[in-house]
Amino acid sequence: MEKLLFTSESVTEGHPDKLCDAVSDAILDACIQQDPMSRVACETASCTGFILVTGEITTKAQLDIPAIVRKTALEIGYDDGKKGLDGNSCAVMVSIDKQSADIAMGVDKALEAKEGDLTDELDTGAGDQGMMFGYATNETEEYMPYPIALAHKLAFQLTKVRKDGTLTYLRPDGKTQVSVEYDEAGKPVRLEAVVLSTQHDEDVTLEQIRKDLIEYVIKPIIPAELMNENTKIFVNPTGRFVIGGPVGDSGLTGRKIIVDTYGGFSRHGGGAFSGKDPTKVDRSAAYYSRYIAKNIVAAKLAKKCEIQLAYAIGVAKPVSIMVDTFGTSKYSNEELANAVEKVFDCRPQSIIRQLKLTETKYLPLAAYGHMGREELGVAWEKLDKVDALKKAVKQVEGK
């Protein structure tokens, strides 16, 4: 591997798109809490002075959607129109329909069950066609690519110093970006650039912002040994970021899918996560493919691994399973794929049960990434299939 630079970005929970992701996931959480069988495809949009909630929801839950919207916006920090939105007084518009009966009939009972090929209770079909990717690498403790791991930590720290009162002039909107230099062996050795852009009060100087963000955000997060005299640091490079939130840029659910996953280091099937119940394989199969990839790398069967799962709507079993270790495994990709089929049940209802997806709180995942979130205790970050994979690979190898 030649020396290269790779860049990933993250955004804070106050970014307009992340505000919308949070609202969609807050509504999803409220539905599942009352009715675990809820079918939810909730989309949110925001702009100056309003939040719009739309989509398809079929649930027995009794919801006060405007109250959920306002509570979510206020908890993020949007409590004053000067910040870009006031959750107390902004307009909240709701236009919700039920899930299409044509889609529901395929989800409720899979094609295999209709044809007699499935007889157990795990006979629900995939909620849509599509392909989902999961990825893992051994370059960080959480098995995530280094650039996105650092970008998320910077974004989280930016929010932390705003909310705990360390930097009272900060406002909710913000973005981070990290450029990492890798050596010929693929090891992170140096930071080429760090970028922080944060919304702020009007009366604070750029000089003060740059000084404070280096001291309270960058230094606590960025390893000093990865920075040298050639590392470039950009703090609010436009010189001013007072106008932010939905006033500065409209927001939309699902517009930060690369931030949500691997920062561009891995391929992406294109489906967003937030606002979707786990029968939607855009979400559940993306989590499951991460689960598979992480266990493969943790088992030391590869140094990095990408998994693709692909589904047909209304069909339970995936139409394909792909493993790519980028030449970092002594086993062939086909051997590992065969081992995956032995160890992992990739049917949607099985995924929901294994990962406890009807018990998961999704709102905390709406910002700072859905993968590598070990601190949240999500099931797709568990390393409980390592031994089973090692055994399966030996069986496949011995044939």
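Trainee: Which residue in E13 does isoleucine 307 stand opposite?

Mentor: Keep in mind that this is a predicted model. Strand E12 covers residues 304–311, and E12 pairs with E13 in the antiparallel sense over 5 bridges. Opposite isoleucine 307, in E13, stands valine 323.

Trainee: Okay, and which strands are the edge strands of that sheet?

Mentor: The sheet is open, with 3 strands in the order E7-E12-E13 and antiparallel pairing. An edge strand here pairs on one side only. That gives strand E7 (130–137) and strand E13 (320–324).

Trainee: Which helix lies across E7 and E12?

Mentor: Start with the strands: neighbours in this sheet are turned by 15° against each other on average, direction ignored. The helix lying across E7 and E12 runs at about 30° to E7 and spans residues 281–298. That's helix H9.

Trainee: Let's switch to H2. Why do its buried residues line one face of the helix?

Mentor: An α-helix has 3.6 residues a turn, so residues three or four places apart point the same way. In H2 the buried residues are Ile65, Ile68, Val69, Thr72, Ala73 and Ile76. They line one face because, seen down the axis of H2, they fall within an arc of 125°.

Trainee: What covers those buried residues of H2?

Mentor: Both helices and strands do, among them helix H1 (16–34) and strand E3 (50–58). The cover also includes strand E5 (85–86), strand E6 (91–97), helix H5 (146–163) and strand E8 (170–182).

Trainee: Which residue just after H2 takes a positive phi?

Mentor: H2 runs over residues 65–76 and reaches 17 Å, close to the 16 Å expected. Just after H2, a phi of about 125° is taken by glycine 77.

Methods
Residues are numbered from 1 along each chain as its sequence is written. This is a predicted model: local features need pLDDT of at least 70, side-chain atom pairs count only at pLDDT 80 or more; totals for chains, interfaces and linings use all residues. Side-chain values use heavy atoms; hydrogens and water are left out. Helices (H or I, at least four residues) and strands (E, at least two) are DSSP runs, numbered from the N terminus. The expected span of a helix is 1.5 Å times one less than its number of residues. Buried means under 20% relative accessible area, exposed over 50%, partly exposed in between (1.4 Å probe, protein chains only). The arc is that of the directions from the helix axis to the C-beta atoms. Contact means heavy atoms within 4.5 Å. Two strands pair if DSSP finds at least two bridges between them. Axes are lines fitted to C-alpha atoms, for helices over the stretch in contact, and angles run from 0 to 180 degrees between N-to-C directions.
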